[in-house]
Amino acid sequence: KQWYQRRVAITAGDILLEGCGDFAYNFDRKHAYLGYGFRTSESALDVIRNVIDFSGTQFHGLKLVSELCYHLDTAMLNLSRGHALVYAPAFDRESLNLIKDVNGEEKRKKYRLRLCVDTTA
């Protein structure tokens, strides 16, 4: 944990923010997301709100609950025109509902995806 905190993460007291892998804008920058849970603490939401000017942008926290998808960029990919590719089991129910609400019913498509994990490394 100490190696990780010295080399990878931004820490301030109990706040842990790993970086870009947990932050994303949607295609038109009307919504921004911070994934938290495994490598970024929920308290980092307030730090980000105070550092970045979100004028005209709604800022949302998304709770990650799957150890396979411990970063936002491993669980959600924002595509053009408000579409998003989402691995639903990576999020808690409230966060998944928020993603659905932001993207709207007409922009959601369901795909059967397989998650491949290379365990040989």
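Two strands count as paired if DSSP finds at least two bridges between them. Keep that in mind, everyone, as we walk through this one, which is a predicted model.

Let's start with strand 3 and strand 4. They are joined by 3 bridges and run antiparallel. If you want a spot to click on, take alanine 24, which sits opposite tyrosine 33 in strand 4.

Now look at the other neighbour of strand 4. Strand 4, residues 31-36, and strand 5, residues 58-63, are parallel, with 6 bridges between them. Here a handy pair is glycine 35 and its bridge partner in strand 5, leucine 62. And how does the chain get from strand 4 to strand 5? It goes through helix 2, residues 44-51, making a right-handed β-α-β crossover.

Put those pieces together and you have an open sheet of 3 strands, in the order 3-4-5, with mixed pairing. At the edges are strand 3, residues 23-25, and strand 5, each of them pairing on one side only. From one strand to the next, the twist averages 20 degrees.

Last stop, friends: the surface. Which leucines form a nonpolar patch there? They are Leu77, Leu79 and Leu85, and together they have about 230 Å² of accessible area. One of them, leucine 77, belongs to strand 6, residues 76-78. Is leucine 77 buried, exposed or partly exposed? Its relative accessible area is 46%, and the partly exposed class lies between 20% and 50%, so leucine 77 counts as partly exposed.

That's my tour; thanks for listening!

Definitions and conventions: Residues are numbered from 1 along each chain as its sequence is written. This is a predicted model: local features need pLDDT of at least 70, side-chain atom pairs count only at pLDDT 80 or more; totals for chains, interfaces and linings use all residues. Side-chain values use heavy atoms; hydrogens and water are left out. Patches are made of residues with over 30% relative accessible area and no salt bridge: like charges are joined within 9 Å, nonpolar side chains (Val, Leu, Ile, Met, Phe, Trp, Tyr) within 5 Å. Accessible areas come from the Shrake-Rupley method with a 1.4 Å probe; for residues, only the protein chains shown count as cover. A salt bridge is a side-chain nitrogen of Lys or Arg within 4 Å of a carboxyl oxygen of Asp or Glu. Helices (H or I, at least four residues) and strands (E, at least two) are DSSP runs, numbered from the N terminus. Buried means under 20% relative accessible area, exposed over 50%, partly exposed in between (1.4 Å probe, protein chains only). A crossover is right-handed if, with the strands pointing away from the viewer, the path from the first strand over the helix to the second runs clockwise. Axes are lines fitted to C-alpha atoms, for helices over the stretch in contact, and angles run from 0 to 180 degrees between N-to-C directions.
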